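Hi,

Here's the structure I said I'd pass along. Have a look, and my notes are underneath.

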Amino acid sequence: MRIIEIFDPDLASGAARFILHGDRGTFASDAEWAAVQGAQIRRFNPTQHPDVFTDNPTVHLYVARSGEQALPLVLLNGEIALAGRYPTRGELARWAGIALEAQAPQEEAV
């Protein structure tokens, strides 16, 4: 199973000001959907998980080079898959190897 790790910016810092709140909300919904479908998603932020940010060489070097304002960072099986924005539902599905469900047509109001 592929493991998707999301390294969020610290919402209390200035780094988070670059991320639209709607993007975070949409991603949270998409991540929940993917997890229900069986995706292995782990999320970390520097306030609650500082050791993960320093102990993971890929994350540590990325933040040292690009700064916290370049977060979020997405790793797929330990390798950088995406940086600077949250993944879409389609990206999560592709990385996790799950099919996107076709949207059910809206019923017309009578």
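Below is what I found, starting with the sheet and then moving to helix H4.

Bear in mind that this is a predicted model. It has an open sheet of 4 strands with mixed pairing, in the order S2-S1-S3-S4. Strand S2 (40-44) and strand S4 (79-83) sit at the edges with a single partner strand each, so one side of each has no neighbour in the sheet. From one strand to the next, the twist averages 25 degrees.

In the middle of that order, strand S1 (residues 3-7) pairs with strand S3 (residues 73-76) in the antiparallel sense, over 4 bridges. If you want a spot to click on, Phe7 has Leu73 in S3 as its bridge partner. Helix H3 (residues 57-66) packs on the sheet and touches S1, S3 and S4. The direction of H3 makes about 155 degrees with that of S3.

Now for helix H4 (residues 89-96), which contains Glu91. Is Glu91 buried or exposed? Its relative accessibility is 12%, and the cut-off for buried is under 20%, so Glu91 counts as buried. Leaving aside residues up to four places away in sequence, Glu91 touches Leu82, Arg85 and Tyr86. The buried residues of H4 are Glu91 together with Leu92, Ala93, Trp95 and Ala96. Just after H4 comes Gly97, with a positive phi of about 75 degrees.

Cheers

How values were computed. Residues numbered from 1 in each chain as written. Predicted model: local features only at pLDDT ≥ 70, side-chain atom pairs only at ≥ 80, totals over all residues. Heavy atoms only, no water. Pairing = 2+ DSSP bridges. Helix = DSSP H or I, 4+ residues; strand = E, 2+ residues; numbered from the N terminus. Axes fitted to C-alpha atoms, helices over the stretch in contact; angles between N-to-C directions. Contact = heavy atoms within 4.5 Å. Buried < 20%, exposed > 50% of the residue type's maximum accessible area, 1.4 Å probe, protein only.
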